[in-house]
Structures are given as structure tokens and as C-alpha cells.
Amino acid sequence: MKILPDKDDWRKWYLDQDYSFYFEGHTFNIRRGYRFDGHSVPWIARTIFAPDTNLPAALVHDYIIDTMPWHRFGYRFAARAYLQVMRNDTWLRRNFMPAAVTAWAYIKTCIRGDYRGKVKPNTVVDVCVII
């Protein structure tokens with residue numbers, strides 16, 4: 001898998017080759033060109049959890065969240081997939097990073113009303129879920 005920094009101001013990362021992952025009996029195919037923002041970590045936690053590490057976990061989570069209108073998987077499914085991809089990361093990141101991301105999403109939801117932030121009109125999502 002090849003992930004590059006993105007050059008636009010909507011997302012931070014760009015998938016430069018197709019990526020497939022299998023989780024709980026489902027295959028997800030993420031096409032080259034998919035853009036995602038990585039880990040949404042609160043600024044105070046960035047000293048411990050650098051948002052540019054373990055990008056495959058952020059890729060999987062963001063893809064499931066972005067494609068929610070076209071499938072039946074919810075946020076808890078996305079969180080489980082995120083943890084599955086992070087299973088080989090350090091104990092600290094595996095156990096506290098998801099909590100930091102969830103807390104930040106909750107805070108942003110209370111402030112903005114939508115945890116995903118600004119509307120991203122240039123994001124193209126190619127959904128290919130095989131069940």
C-alpha cells in the first residue's frame with residue numbers, strides 16, 4: 001500500500017494504489033485516488049499520538065465512515081475495523097488513540113454539529129463492498 005501526502009486543503013492523505021481489506025466476512029476495495037484525513041487527534045494529544053502514524057488504520061476507518069450512506073455498517077463497525085488494523089501497534093496507541101479520536105469527534109460534534117468537519121465537495125468515493 002502506498003499512501004502519499006495530499007496536495008489539496010480538504011484531506012491530508014492520498015491513496016496511490018488500490019487497497020483491499022477483509023474484515024468480519026466482508027471485503028472492502030478502496031480505489032487508488034481515495035483521499036482521507038488520517039487520525040483526527042485533538043491538538044493536546046498530538047504530542048503522544050502523531051496523526052501521521054499507522055495511516056492504514058485511519059484509511060480503513062475513514063473509508064467506512066465516508067461510505068456509510070451506501071452500506072449498512074455503522075460507526076461501531078468502523079471502530080472495530082480500526083482496532084483490527086492497529087492490532088500490531090504499540091499498547092499505548094492501541095488503547096488510548098481510539099479514545100482520543102472518539103473524544104475529539106464528540107467535542108467537534110457538540111461545537112459544529114458534524115464531527116466530519118467541513119463539506120468536502122471534491123471527494124470522490126468509489127464504493128465496492130462485496131458481501
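1. A residue is called buried when its relative accessible area is under 20%. Asn29 has 10% relative accessibility and therefore counts as buried. The residue belongs to strand S4, and its side chain makes a polar contact of 2.5 Å with the side chain of Ser20.

2. The model under review is predicted. The protein chain has an average pLDDT of 78, and 82% of the residues score at least 70. Among its elements, S3 has the highest mean pLDDT, 90, while strand S6 (residues 129–130) has the lowest, 59. Where pLDDT is low, the predicted coordinates should not be read in detail.

3. The largest nonpolar core comprises 21 residues, of which Phe21, Ile30, Phe36 and Ile64 touch the most other members. At least two residues of this core come from each of strand S2 (13–15), strand S3 (19–23), strand S4 (26–30), helix H1 (55–66) and helix H2 (75–85). H1 supplies the largest share, 7 residues. A second core, separate from this one, has 9 residues, including Ala57, Tyr82, Met86 and Val101. In soluble globular proteins, nonpolar side chains tend to be buried together.

4. Which residues does Phe21 contact once its neighbours within four places in sequence are left aside? They are His26, Thr27, Phe28, Ile30, Val60 and Ile64. Two of these partners, Ile30 and Ile64, are listed with Phe21 among the core residues that touch the most other members.

5. The structure contains 5 salt bridges. One of them joins Arg35 to Asp6, with the closest N and O atoms 3.1 Å apart. This pair links distant parts of the chain, 29 residues apart: Arg35 is in strand S5 (residues 35–36), and Asp6 is in the loop between strand S1 (3–5) and S2. Arg35 is partly exposed at 25% relative accessibility, whereas Asp6 is buried, its relative accessible area being 15%.

6. Arg32 and Asp16 also meet through their side chains in a salt bridge, at 3.1 Å from N to O. Because Arg32 lies in the loop between S4 and S5 and Asp16 in the loop between S2 and S3, the pair ties together parts that are 16 residues apart in sequence. The relative accessible area of Arg32 is 52%, so the residue is exposed; that of Asp16 is 17%, so the residue is buried.

7. A further salt bridge connects Arg93 and Asp89, whose closest N and O atoms are 3.1 Å apart. Arg93 is buried, with a relative accessible area of 9%, and Asp89 also counts as buried, at 17% relative accessibility. Elsewhere, Lys2, Asp16 and Arg32 are joined into one network by salt bridges that share partners.

8. The structure holds 9 aromatic pairs. Why is the pair of Tyr34 and Phe36 described as stacked? Planes under 30 degrees apart count as stacked, and these two rings have their planes at 5°, with their centres 6.1 Å apart. Both residues, Tyr34 and Phe36, are buried.

9. Trp91 and Phe96 form an edge-to-face pair, because their planes stand at 75°, with the ring centres 5.8 Å apart; the cut-off for this class is over 60 degrees. Trp91 counts as exposed, at 56% relative accessibility, and Phe96 is partly exposed, with a relative accessible area of 39%.

10. Ring pairs also link Tyr19, Phe21, Phe23, Phe28, Phe73 and Phe77 into a cluster. Within this cluster, Phe21 and Phe28 are in contact.

Notes: Residues are numbered from 1 along each chain as its sequence is written. This is a predicted model: local features need pLDDT of at least 70, side-chain atom pairs count only at pLDDT 80 or more; totals for chains, interfaces and linings use all residues. Side-chain values use heavy atoms; hydrogens and water are left out. A nonpolar core is a set of buried Ala, Val, Leu, Ile, Met, Phe, Trp, Tyr and Cys residues joined through side-chain atoms within 4.5 Å. Buried means under 20% relative accessible area, exposed over 50%, partly exposed in between (1.4 Å probe, protein chains only). Helices (H or I, at least four residues) and strands (E, at least two) are DSSP runs, numbered from the N terminus. Contact means heavy atoms within 4.5 Å. pLDDT is the predictor's confidence in each residue, from 0 to 100. A polar contact is a pair of N or O atoms within 3.5 Å; within protein, one must be able to donate a hydrogen and the other to accept it, and residues adjacent in sequence count only if both atoms are side-chain atoms. A salt bridge is a side-chain nitrogen of Lys or Arg within 4 Å of a carboxyl oxygen of Asp or Glu. Rings of Phe, Tyr and Trp (its six-membered ring) pair if their centres lie within 6.5 Å; planes under 30 degrees apart count as stacked, over 60 as edge-to-face and the rest as tilted.
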